[in-house]
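Here is a short note for a colleague who is opening this entry for the first time. Please keep the viewer open while reading.

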Amino acid sequence: MPRILSLLLAAVLCLGSRCGFAQQTPHADFAVIPYPERTMLSMGKGFVLTPSTVVCYDRREAGARRNAEFLVQYIAERTGMALSLTTKRRSDDIILLTQDLVHDNKEAYEIAVNHQRIVLRGASASGAFYAVQTLRKALPGRLSDRIIIPRCTIKDKPRFAYRGAHLDVSRHFFPVDSVKTYLDMCALHAINAFHFHLTDDQGWRFASKKYPRLTEVGSQRAGTVIGHNTGEYDGVPYGGYYTQEQLRDIVAYAAERHITVVPEIDMPGHMLGALAAYPELGCTGGPYAVWQQWGVSDDVLCAGNDKVYQFIDDILDEVCAIFPSPYIHIGGDECPKTRWKACPKCQAMIAREHLASDARYSAEECLQSHLIRHAGAHLKQLGRRMIGWDEILEGGTDEDAIVMSWRGEEGGIEAARLGRDVIMTPNTYLYFDYYMSRDIANEPSCIGGYLPVSYTYQYEPIPEALTAEEAGHIIGVQANVWTEYIAEFSKVQYMTLPRMAALSELQWSNRPKNYDGFCRRAAALTRIYHEQGWNFARHIFDPTLHFLPTDSVGTVKVSASTFDDAPIHYTLDGTMPSEASPRMTAPVVIDSTATLSVVAYRRGIASHQVRQDFVIAPSTGATATLLSPPAARYTYDGARALTDGILGDATAFNSGCWLGFTEADLDCTIDLGQMTTFDGVTFRTFVDTPNWIFDARSITVEASADGQHFVRLYWESAEPCQAEEQAHVVTHSLRMPGHVEARYVRLRAESEKACPPWHTGAGQPGFLFVDEITVE
Ligand code: TNX
């Protein structure tokens, strides 16, 4: 990569001097997002783009004219030059679009630049479209009537065939123009599938001719909850829907940008929008209301009622008539079985269809799979394939169902092993409704979580656990934008950009990762965001903290960097660093409780302030070793989190600070480095029973001088949890029987193996979330 850059620079400088241009002549840079597979720069003159350059296409090639129009538009937006469009070839001063690349991947393209012409050659209209996007992104983004395009050849193709971005228009509604802007955002990032989440508990947005009340009643709610399900409502009626004509317009707009609109009708849960309109579709008959709060409702479609199956068929017929997508999403997520267990019709259906429980699945889970299979079979008759969230695995799935793995990667792994095609969209990396900074006080309010751009960028969509054959079932990658806490489209953009750039790299590029290089390219891409008037987050410009192994227990060692080596200044008292504050040129060692604050300055302009509290105990920085692993999706950087001086925050279990154990226990040994006297051990747990997270059922502490022979110092046990407990932190301060001298401390905390009978997960394993163990 540095070699390519320096070559590029050399080529450009050489070009500049040969042609006698001043060095400031703006030049294109093909280090774009997604990063092209191969870029070969050559010596010699490049192409000089001027207003006399023409864009030429072949009128016999379908979609060619539209591609050419896009290119003319982009060049005008990025440079101010208005080029003309032609079908007449000439030998000089021309950008030629063709679709005659011979390649087995229809989205592949090549770009060849010499001093006479630029040829954008796609293996199809889509391939040519991606060539156009690459050239667009390579342009310098500066008003100019002379731009040098370096002489080069680019060969590129996508890694994954399905490259998705999702938008929830139910929780909040976004008008057609916003949806089109979202499609423009997708196009810029070479995304080819728009997952349109059209229905949910909070509003039905798809106008049905056969069931008009779905929008008359189901698209409107009486108000919206204030904050995080506070029980207070704003009382402001809210609603909206798309007519079939508008939906067709969206489909056409997407198609011009080589994007398939994949509609989702979420069933059998998340259906209050429909139930409010047609209460006879529910188990109790209602009355129901379009939901004003967030979460998972117990009221779902009645799976024992033939009318419901008819409703599903009818709606899918209408959906398929509007959306030509080969895939249709039927949801399938988060469907509580409470109503079905008590519903005579559902129970009769279970009996009639012999949907008995087995070792793995309950009868109600089999009933869910019965309903989902019905939808899948109907879609098949219509020549379409069904996509569902990973819950469709419960009770079994049909062979051609496509599974979207959202609860981490586990569902995707299971599905691939079963031979099902999979789209990876794990919430741990690809939920753009999660916070992208830890400094949530200075962020617009979000649903929770912690998902900085770097997490998304680091994600590898093919799990290591899969064989090559199983890996072949991972057909794509997608990110989701749920909008419970996103009421304005500008906030959709803020949450999405530039995380979408990281997504785009995962979806398209197969090159080795380099986060700093990514940030440099993303910074260039933000100029297009800016030109387009799109709101975007600026965290990539902030310093990144690096937590280094410490040289002495009782301290932490931290460094900070930016992708462009902008100077970083810091303070240790939590105040905003100014350019007069010390510069962080080497790692800082912190030996007492402090707040580190770092800021990057560029031409006098400060980045955000990145702050980190450290609570230093005598054992901070000691090596922690886990004897049983946390759940893969709650492992993050592993055991080091337990002694890093950073306390898990009290707002969310999935903020990246807390290690989450399920089926396994916390079993951790801390090496204090030398014989140490102590009389207390403290550790913290995060309890949040609605999210299946319980406190420890028993705690054991042992100590050892040699790491081999341990002596038990402490033991306690606790009863099962009696009632719902909202998110909170419990600090377990354990007093040892006296002063102990040891080098190794082993702490075990047993997780809840069976959720208590009153809990929705009764009998199934719960979670234990732990952070920061100290020995003092
Ligand atoms: C889970 S992802 C949901 C959505 C929520 C989302 C919030 C999925 C299939 N279900 O209904 O909006 O979490 O992050």
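The numbered points below go through the barrel, the ligand, some strands and a few backbone details.

1. Status of the model. Please keep in mind that this is a predicted model.

2. The barrel. Start with the strands β10, β11, β16, β17, β18, β19, β20 and β21. In that order, these eight strands close into a barrel. Their pairing is parallel. On average, neighbouring strands of this sheet are turned by 30 degrees against each other, with direction ignored.

3. One pair within the barrel. Look at β20 and β21 for a close view. Strand β20 covers residues 421-424, and strand β21 covers residues 474-479. Three bridges hold the record of their parallel pairing. Met424 has Val477 of β21 as its bridge partner.

4. The ligand shell. Which residues surround the ligand? The list is Arg171, His270, Asp333, Glu334, Trp389, Trp406, Tyr431, Asp433, Tyr434, Ile447, Trp482 and Glu484. By class, the shell holds six nonpolar residues, one polar residue and five charged ones.

5. Polar contacts to the ligand. Three acidic side chains deserve a check in the viewer: Asp333, Glu334 and Glu484. Asp333 places a polar side-chain atom 2.8 Å from a nitrogen atom of the ligand. For Glu334, an N or O atom of the side chain is 3.3 Å from a ligand nitrogen atom. Glu484 has a polar side-chain atom 2.6 Å from an oxygen atom of the ligand. How much of the ligand does the protein bury? Taken alone, the ligand exposes 360 Å², and the protein buries 93% of that.

6. Strand β31. Move on to residues 666-687, which form strand β31. Is this strand mostly covered or mostly open? It is mostly covered, with 16 of its 22 residues buried.

7. Partners of β31. Strand β29 (residues 623-626) pairs with β31 in the antiparallel sense, over four bridges. There, Ala624 has Ile670 of β31 as its bridge partner. Strand β34 (residues 728-750) also runs antiparallel to β31, and 17 bridges join the two. Phe678 is matched with Val740 in β34. Strand β35 (residues 767-775) is antiparallel to β31 too, over six bridges. Arg684 stands opposite Asp771 of β35.

8. Strand β9. This strand spans residues 152-156, and its side chains alternate. Cys152, Ile154 and Asp156 point to one face and are buried. Thr153 and Lys155 point to the other face and are not buried. In a regular strand, the side chains alternate between the two faces of the sheet.

9. Partners of β9. Strand β1 (residues 38-41) pairs with β9 in the antiparallel sense, over four bridges. Thr39 has Ile154 of β9 as its bridge partner. Strand β6 (residues 109-113) is joined to β9 by five bridges, and the two run antiparallel. Ala112 is partnered by Thr153 of β9.

10. Cis peptide bonds. Where should the reader look for cis bonds? One lies between Met267 and Pro268, with omega near -10 degrees. Pro268 sits in the loop between β16 (260-267) and α7 (272-277). Another joins Gly286 and Pro287, with omega about 0 degrees. Pro287 belongs to the loop between α7 and α8 (306-322).

11. Positive phi at Asp565. Phi of this residue is near 55 degrees, a positive value in a residue other than glycine. Asp565 is placed in the loop between β23 (556-561) and β24 (568-571). Is Asp565 buried or exposed? Its relative accessible area is 66%, so Asp565 is exposed.

12. Positive phi at Glu663. Glu663, likewise a residue other than glycine, has a positive phi near 65 degrees. Glu663 is in the loop between β30 (659-662) and β31. Glu663 counts as exposed because its relative accessibility is 61%, and the cut-off for exposed is over 50%.

Conventions: Residues numbered from 1 in each chain as written. Predicted model: local features only at pLDDT ≥ 70, side-chain atom pairs only at ≥ 80, totals over all residues. Heavy atoms only, no water. Pairing = 2+ DSSP bridges. Axes fitted to C-alpha atoms, helices over the stretch in contact; angles between N-to-C directions. Buried < 20%, exposed > 50% of the residue type's maximum accessible area, 1.4 Å probe, protein only. Near = heavy atom within 4 Å. Polar contact = N/O pair within 3.5 Å; in protein donor to acceptor, adjacent residues only side chain to side chain. Areas by Shrake-Rupley, 256 points an atom, 1.4 Å probe, with all protein chains shown as cover. Nonpolar A, V, L, I, M, F, W, Y, C, P; charged D, E, K, R; others polar.
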